[in-house]
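Trainee: I should be grateful for a close look at one part of this structure, followed outward to the elements and spaces that can be described with it. Please set out the reasoning where there is any.

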Amino acid sequence: MAEYINRQWRLAARPVGNFKDSDFTWHEEPVPDLADGQVLVRNIYLSLDPTNRIWAAQDSYLPAVPLGDVMRGVAVGVVEASRHAGFPVGTFVQGLLGWQLYYVGNGQGLTPIAKIPGHSLLLYHGVLGAIGLTAYFGLLDIGRPREGETLVVSAAAGAVGSMVGQIGNIKGCHVVGIAGGPEKCRWIVEDLGFDAAIDYKHEDVAAALTRYCPKGIDVYFDNVGGAILDAALARMNNFGRVVACGAISQYTSEKPPAGPANFLLVISKRLRIEGFIVLDYLPRAQEAIPQLLEWIAQGRLKYRLDVVDGLEQAPRAVQKLFDGSNIGKLVVKVSDEP
């Protein structure tokens, strides 16, 4: 299919510390002809996520990306050519399409999606898709918040954290978010309805948790790990729940992270700590999506996108996740929506 020229970022080196430009190489080549059962997808929006760093560095819940392969990433795209009966031309899809303009495959792992009237396909990165499902099932299935309880969310101005706090508000919780910088803290309180915000860059988090959580913490949704996890553990109520979603403060560490100093409190306070991967919940997506759409329509669930224009910007843009410069969901626009 010489009329299609693919552009892609391939992983060149295992990252040490933060991502560097030299960890990736840029390639351009013709797209191969499709075989029977294959589909060609043009990527439109590429999601950039903290897990990109894990996928590049080591085996985890998925094998590490092999050196020389296209960098793994979740994207939304449209079928441009097809020899697969299940994916006719024009179908919108979401899946692990990679850091590239075109994806060719047998359709395994691709999910057809519908364009929601009045919304861009960006909705699938903002609320629907992995972000919304992570927040919805992580909080409601694992955190199990009850009306009147105190919920604390770290990385609260991030894609998942901002959703978690709003859902906690909908469920009647007292919601405290931890974020970096006055603009992020202002946004989650004034625009998203959090009850309080703690600026970890300029405040003593432990003291602020005592101040804003006078009744202790019932549910802690952890996106960062490290010292903030320790501070939250010290203020958990008996039988509290810790949702272990991420540990971004430790992803770029060059040394093995130290365990939580307050871990013995898990025993004395009878805490439940549970990790989860959103892939486990994909079969249950239809439980969440109608409710998420209803909350959006009611104006009770808002999202913010940080959209970077151009696939060539991906290696630089992904670093915004680790230097704290993005607010909301970080996305690369790869090509135009049809």
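**From one residue to a strand and its surroundings**

Mentor: L11 is buried, because its relative accessible area is 1% and the cut-off for a buried residue is under 20%. The model is a predicted one, and that applies to everything that follows. L11 belongs to strand β1, which covers residues 5-11. With neighbours within four places in sequence set aside, the contacts of L11 are D23, F24, A56, V65, P66, L67, G68, D69 and M71. A further relation links L11 to W99: 88 residues separate the two along the chain, yet their C-alpha atoms are 9.8 Å apart.

Burial can also be followed through a whole element, strand β8. This strand spans residues 150-154, and 5 of its 5 residues are buried, so β8 is largely enclosed by the rest of the structure. In a regular strand, side chains alternate between the two faces of the sheet. In β8, T150, V152 and S154 point one way, while L151 and V153 point the other way, and all of them are buried.

The pairing of β8 can be described one partner at a time. With strand β9, residues 174-179, β8 pairs in the parallel sense over 5 bridges. Within that pairing, V176 of β9 is the bridge partner of V152. Strand β11, residues 217-222, also runs parallel to β8 and is joined to it by 3 bridges. Here L151 stands opposite V219 of β11. The connection from β8 to β9 involves helix α4, residues 159-170, and the three elements together make a right-handed β-α-β unit.

Helix α4 leads on to an enclosed space. A search of the whole structure finds 1 cavity of 30 Å³ or more, and the largest cavity holds about 30 Å³ of space. Its lining consists of G126, I131, A159, S162, M163, Y303, R304, G328 and K329. With 3 residues, α4 gives the most to this lining. By class, the lining of the largest cavity comprises 4 nonpolar, 3 polar and 2 charged residues.

An open space may be described as well. The second largest pocket has a volume of about 230 Å³. It is lined by 14 residues, of which Q58, Q250, Y251, S253 and P257 are the closest to its centre. The lining of this second largest pocket divides into 7 nonpolar, 3 polar and 4 charged residues.

Conventions. Residues are numbered from 1 along each chain as its sequence is written. This is a predicted model: local features need pLDDT of at least 70, side-chain atom pairs count only at pLDDT 80 or more; totals for chains, interfaces and linings use all residues. Side-chain values use heavy atoms; hydrogens and water are left out. Buried means under 20% relative accessible area, exposed over 50%, partly exposed in between (1.4 Å probe, protein chains only). Helices (H or I, at least four residues) and strands (E, at least two) are DSSP runs, numbered from the N terminus. Two strands pair if DSSP finds at least two bridges between them. A crossover is right-handed if, with the strands pointing away from the viewer, the path from the first strand over the helix to the second runs clockwise. On a 1 Å grid over the protein atoms alone, a cavity is a set of points where a 1.4 Å probe fits but cannot get out, and a pocket is an open set with protein on both sides within 12 Å along at least five of seven lines; lining residues have an atom within 4 Å of a point. Grid points are joined across faces, edges and corners, and a volume is the space filled by probe spheres set on the points. Ala, Val, Leu, Ile, Met, Phe, Trp, Tyr, Cys and Pro count as nonpolar, Asp, Glu, Lys and Arg as charged, and the others, Gly among them, as polar. Contact means heavy atoms within 4.5 Å.
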